[in-house]
Amino acid sequence: MGNFFKLLLASCLGTFLALGVLVLVGVISVSRLAAAFDDDSVNLEANTVLVLKPGTVPELRDNVQQAAFSFQDKHIYGLHDMTRAMALAADDDDIKGIYLDVDDARLAPASATTLRHAVERFRESGKFVVSHALNYGQGGYYIASAADGVYLNPTGSVDVRGFGATLPFFKDALDKLGVNINVFYAGDFKSAGEPFFRNGISDSNRLQTRIFLEDLWRIYTEEVGASRDISPAEINALAENFTVRSDSAALAARLVDGLLYKDQVLDNIRERLGLGADDDINTVAFEDYAKKLKPENARSDDKIAVVYAEGNIVDSDDQPGTISGEAYARLLREIREDEEVKAIVLRINSGGGSAMASENIWREIQLARDQGISVVTSMGDVAASGGYYMAVASDSIFALSNTITGSIGVIGIVPNFSPLMNDRLGVHFDTVNTGRFSSAFSAVIPFTAQEKSIIQEQIVDIYNHFISRVATGRNLPTATVARLAKGRVYTGEDALALGLVDRLGDLDDAIDAAARMANLERGKARISEYPKVATALEQILEEVSGTDSDERRIKLLAPLLKREFGSDWTQVDRIQRLLRCTGPQMLMLETLDVR
């Protein structure tokens with residue numbers, strides 16, 4: 001009966017999507033026709049305020065899987081679009097300040113740092129930044145604290161509690177279902193498989209998680225404290241006692257400059273602009289202002305290719321927000337064969353994934369260097385495990401102080417359903433073989449000790465290969481890398497001290513370094529971004545017109561489910577990522593959603 005309803009739903013949904021293709025074709029055609037008559041110009045009046053409302057922000061424009069039926073042909077702007085827009089606005093005589101709304105901000109620590117530093121640089125131009133929120137989450141407040149006016153809505157709150165990580169564990173649930181998950185790993189700190197064979201965090205994982213969380217919190221308190229003239233010790237006391245539970249407590253703790261309703265904040269902005277009480281404020285939304293952004297030095301013959309590698313590393317599933325080994329290897333090959341490309345900047349924001357895909361991408365980066373093309377890596381929120389594997393092929397590695405990196409280790413996750421089949425369902429399997437291993441590694445027959453030993457040996461071989469890649473790429477003794485590896489993760493600061501990265505800096509710093517290595521002037525080299533990502537409607541059209549499968553439908557509906565699950569989506573996504581793993585993985589699953 002369950003299969004009947006599943007097939008019925010699939011059939012109905014498939015029919016609906018097929019009919020939707022015709023509608024989408026028409027909508028896209030009309031939007032393209034309209035775009036032909038739209039030069040994307042933005043006409044600003046004097047004394048304009050740029051309105052910035054960061055939410056969940058990808059690294060690269062539109063590089064995120066879109067929900068079905070959104071029917072929007074608008075760009076989803078990336079993190080670096082925001083920073084570039086603020087830099088442009090700082091020199092724009094018509095822009096006098098920024099109004100910052102962080103109520104919906106959902107950025108991990110390094111992305112929040114990137115945006116925060118852009119706010120600080122904008123203020124250096126002498127212009128103002130005013131922030132207002134109904135409630136400040138920790139991540140949103142971290143960005144807002146860099147503003148020169150931080151205001152909280154009356155009855156609102158500022159969340160200051162410190163950083164924590166909550167991880168799910170499924171061992172007992174799997175035991176009740178009759179499913180065995182065989183987890184093979186190399187590296188005592190390689191914890192991605194722990195949810196399948198433990199009911200709690202291991203001592204080694206607890207240790208490394210506590211260390212990097214404490215480092216991230218220290219960086220947070222130091223930067224917020226410097227902006228608000230509050231000592232880190234005071235912020236720690238506020239967090240330890242959860243003191244800031246009301247708007248008045250936030251004001252007393254000097255976390256905000258005032259308790260104002262939005263109309264009062266607008267009055268404050270009028271005063272800054274020298275306007276009268278009844279005068280209108282000229283505003284421009286970031287999404288509109290971003291249309292002024294143009295490719296940097298677009299007519300130059302010398303090109304720096306900026307390649308964004310964002311999301312889980314997979315073998316061949318080329319979806320926005322993922323790193324397909326097949327697609328990225330092909331992309332890097334095309335880039336290195338482009339005679340105009342003099343340098344490559346690889347922007348990594350990934351916790352890793354497929355070992356094979358990571359190796360194939362590593363190979364293309366190495367080939368680019370062999371051709372004399374300078375390659376620099378810039379790390380975002382996380383560049384760990386397979387993400388770090390790719391990075392070590394480059395000439396130089398930049399990270400932010402609160403980037404998460406390292407996790408030099410390997411895991412293999414192999415499910416076995418024999419208890420479910422034999423004990424729960426009464427289904428039994430028998431074999432006839434021509435060789436001892438002809439039916440080995442089956443999902444319905446228990447593994448023998450020798451089969452487990454063979455898989456573990458393969459995992460260790462890949463692990464040793466990983467260590468060798470790091471030792472060669474970072475010019476470190478193999479013994480040193482072996483000591484630093486073990487699947488352990490580090491902050492960017494610690495990675496710098498240990499020789500795993502070269503410098504602390506953001507994407508612009510990495511591009512500057514790549515230009516110098518290639519003997520180019522940054523102001524004259526053309527900056528080209530890759531991969532080229534389709535808009536929401538184009539992505540949906542590609543999906544619904546492609547292979548009809550349950551997996552494709554799940555991808556279409558995933559963004560809608562993410563919206564419904566809200567903050568709990570992190571746990572659901574973690575389970576999905578594990579279940580999709582095939583082959584040995586260089587994967588780190590811990591994620592931080594600082595709010």
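This note goes through the predicted model point by point, from the whole chain down to single residues.

1. **Overall make-up.** The chain has 595 residues, and 52% of them are buried. Its secondary structure comes to 22 helices and 20 strands. Take the contacts with a sequence separation of 6 or more: 76% of them join residues 24 or more positions apart. The exposed area is about 27200 Å². Carbon and sulfur atoms supply 51% of that area.

2. **The six-stranded sheet.** One open sheet holds 6 strands, in the order β6-β4-β3-β2-β1-β7. The pairing is parallel. The edges are β6 (258-259) and β7 (282-285). Each of these two has a single partner strand, so one side of each is left without a neighbour in the sheet.

3. **The β2/β3 pair.** Within this sheet, β2 covers residues 95-100 and β3 covers residues 128-133. The two run parallel and are joined by 4 bridges. One pairing to check on screen is L100, whose bridge partner in β3 is S131. Helix α3 (residues 109-123) lies across β2 and β3. Its direction is at about 140° to β3.

4. **R61.** This arginine sits in the loop between β1 (48-52) and α2 (79-90). R61 has a relative accessible area of 26%, so it is partly exposed. Neighbours up to four places away in sequence aside, R61 touches H75, I76, Y77, G78, D81, L293 and V533. There is also a long-range approach to K532, 471 residues away along the chain. The C-alpha atoms of R61 and K532 are separated by 9.0 Å.

5. **The α12/α13 pair.** How do α12 (residues 325-336) and α13 (residues 355-370) lie relative to each other? Their axes come within 8 Å and cross at roughly 5°. An angle under 35 degrees counts as roughly parallel, and α12 and α13 therefore fall in that class. On the α12 side, the contacts come from G325, Y328, A329, L332, R333 and R336. On the α13 side, they come from A357, N360, I361, E364, I365, L367 and A368.

6. **R369.** Helix α13 also contains R369. Its relative accessibility is 28%, so R369 counts as partly exposed. Beyond its neighbours within four places in sequence, R369 is in contact with V375, A393, S394 and D395. A343 is 26 residues from R369 in sequence. The C-alpha to C-alpha distance between R369 and A343 is 9.1 Å.

7. **S396.** This serine lies in strand β14 (residues 396-399). Is S396 buried or exposed? Its relative accessible area is 5%. The cut-off for buried is under 20%, so S396 is buried. Setting aside residues up to four places away in sequence, S396 touches V375, V376, T377, D502 and M517. V375 is thus in the contact list of S396 and also in that of R369.

8. **Helix α16.** This helix spans residues 449-474, 26 residues in total. From first C-alpha to last, α16 reaches 37 Å. That is close to the 38 Å expected at 1.5 Å a residue. The buried positions in α16 are E451, I455, I459, Y463, F466, I467, R469, V470, A471 and R474. The charged residues E451, R469 and R474 are among them. Just after α16, N475 takes a positive phi of about 55°.

Terms used. Residues are numbered from 1 along each chain as its sequence is written. This is a predicted model: local features need pLDDT of at least 70, side-chain atom pairs count only at pLDDT 80 or more; totals for chains, interfaces and linings use all residues. Side-chain values use heavy atoms; hydrogens and water are left out. Two strands pair if DSSP finds at least two bridges between them. Contact means heavy atoms within 4.5 Å. Axes are lines fitted to C-alpha atoms, for helices over the stretch in contact, and angles run from 0 to 180 degrees between N-to-C directions. Buried means under 20% relative accessible area, exposed over 50%, partly exposed in between (1.4 Å probe, protein chains only). Accessible areas come from the Shrake-Rupley method with a 1.4 Å probe; for residues, only the protein chains shown count as cover. The expected span of a helix is 1.5 Å times one less than its number of residues. Angles under 35 degrees count as roughly parallel, over 145 as roughly antiparallel, 65 to 115 as roughly perpendicular and the rest as oblique.
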